[in-house]
Amino acid sequence: MFRRTETIKFSEFMSGEYKKKGKVKETKGVNKKALITGSLIPLAFTTPKVFAAESINQCGNVLAVSAPQAIPANAITDKAMGELISAMAHIFDPLIDIVVTISFPVASAMIVFKLFMMFFKDQGEIWESIGKISLVYVLIQMSPIFIKILKQLGMLAVGI
């Protein structure tokens, strides 16, 4: 009928330990799995890509490939910054190609649907929406040009 009032320490409430009634509290130590994972992530990004620039005939000469020179953390050069920016500039190219490729079938289907809706709605509203669909299609087709212009402007701003 009546609920009992339970008093809990603020630190136990904030850590969530009050929910563990009768259970043994976890020891606060270093989680080895998290430590290994956290140390491998930076290593994965800094290791050289051995097979990236090699042809099939040269794959046996893996030991001859030298690792790139390490860049100190406090001295990022213009060359390293330029390489980073040029790599980042091409990240969305596959996504943009997909969007440009599928824009024609999607726009065609939408226009056909709007023409069918002309039987049920006002013609002025339908032609306005067909114009909007056409404008979006043209802008999507021109998006690679806009992105190339933005890349050029970005390269000029950095001074590469």
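I took buried to mean under 20% relative accessible area, exposed to mean over 50%, and partly exposed to mean anything in between. I kept in mind throughout that this is a predicted model.

**Entry 1: aromatic rings**

I started with the phenylalanines and noted three aromatic pairs in the structure. Phe116 and Phe119 make one of them, edge-to-face, with 6.2 Å centre to centre and 80° between the planes. Phe116 has a relative accessible area of 48%, so I entered it as partly exposed. Phe119 comes out at 68%, so it went down as exposed. Phe116 also pairs edge-to-face with Phe120, at 5.8 Å centre to centre and 70° between the planes. Phe120 is exposed as well, at a relative accessible area of 60%. I recorded Phe116, Phe119 and Phe120 as one aromatic cluster.

**Entry 2: overall layout and confidence**

I then stepped back to the chain. I found five helices and zero strands, in the order α-α-α-α-α along the sequence. The chain has 160 residues, of which 9% count as buried. I noted an exposed area of about 14,400 Å², with carbon and sulfur atoms supplying 67% of it. For contacts between residues at least 6 apart in sequence, I wrote down that 46% join residues at least 24 apart.

I looked up the confidence next. The average pLDDT is 74, and 59% of the residues score at least 70. Among the elements, helix H4 (residues 93–117) has the highest mean, 92, and helix H2 (residues 32–46) the lowest, 61. Residues 50–57 fall below 50, and this stretch has four contacts in the model beyond near neighbours in sequence. Residues 59–64 also stay under 50, with three contacts beyond four places in sequence. Where pLDDT is low, the predicted coordinates should not be read in detail, so I did not pursue those contacts.

**Entry 3: salt bridges**

I listed three salt bridges in the structure. Which residue does Lys151 bridge to? The partner is Asp93, with the closest N and O atoms 3.3 Å apart. Lys151 lies in helix H5 and Asp93 in helix H4, so this pair ties together parts that are 58 residues apart in sequence. Asp93 has a relative accessible area of 23%, which I entered as partly exposed.

I went on to Lys121 and Glu125, whose side chains meet in a salt bridge at 3.9 Å, N to O. Lys121 is partly exposed, at 44% relative accessible area, and Glu125 is partly exposed too, at 43%.

Glu128 and Lys132 make another salt bridge, at 3.6 Å from N to O. Both sit in helix H5, and because they are four residues apart, about one helical turn separates them. Is Glu128 exposed or partly exposed? At 49% relative accessibility, Glu128 counts as partly exposed. Lys132, at 52%, counts as exposed.

**Entry 4: nonpolar surface**

Last, I looked for nonpolar side chains on the surface. I found a patch with about 950 Å² of accessible area together, formed by Leu135, Val138, Leu139, Met142, Ile145, Phe146, Ile149, Leu150, Leu153 and Leu156. I checked the position of Leu153 and placed it in helix H5, residues 123–158.

Definitions and conventions
Residues numbered from 1 in each chain as written. Heavy atoms only, no water. Patch = residues over 30% accessible without salt bridge, like charges linked within 9 Å, V, L, I, M, F, W, Y side chains within 5 Å. Areas by Shrake-Rupley, 256 points an atom, 1.4 Å probe, with all protein chains shown as cover. Salt bridge = Lys/Arg side-chain N within 4 Å of Asp/Glu carboxyl O. Helix = DSSP H or I, 4+ residues; strand = E, 2+ residues; numbered from the N terminus. Phe/Tyr/Trp six-rings, centres within 6.5 Å; stacked < 30°, edge-to-face > 60°. Buried < 20%, exposed > 50% of the residue type's maximum accessible area, 1.4 Å probe, protein only. Contact = heavy atoms within 4.5 Å. pLDDT = per-residue confidence, 0-100.
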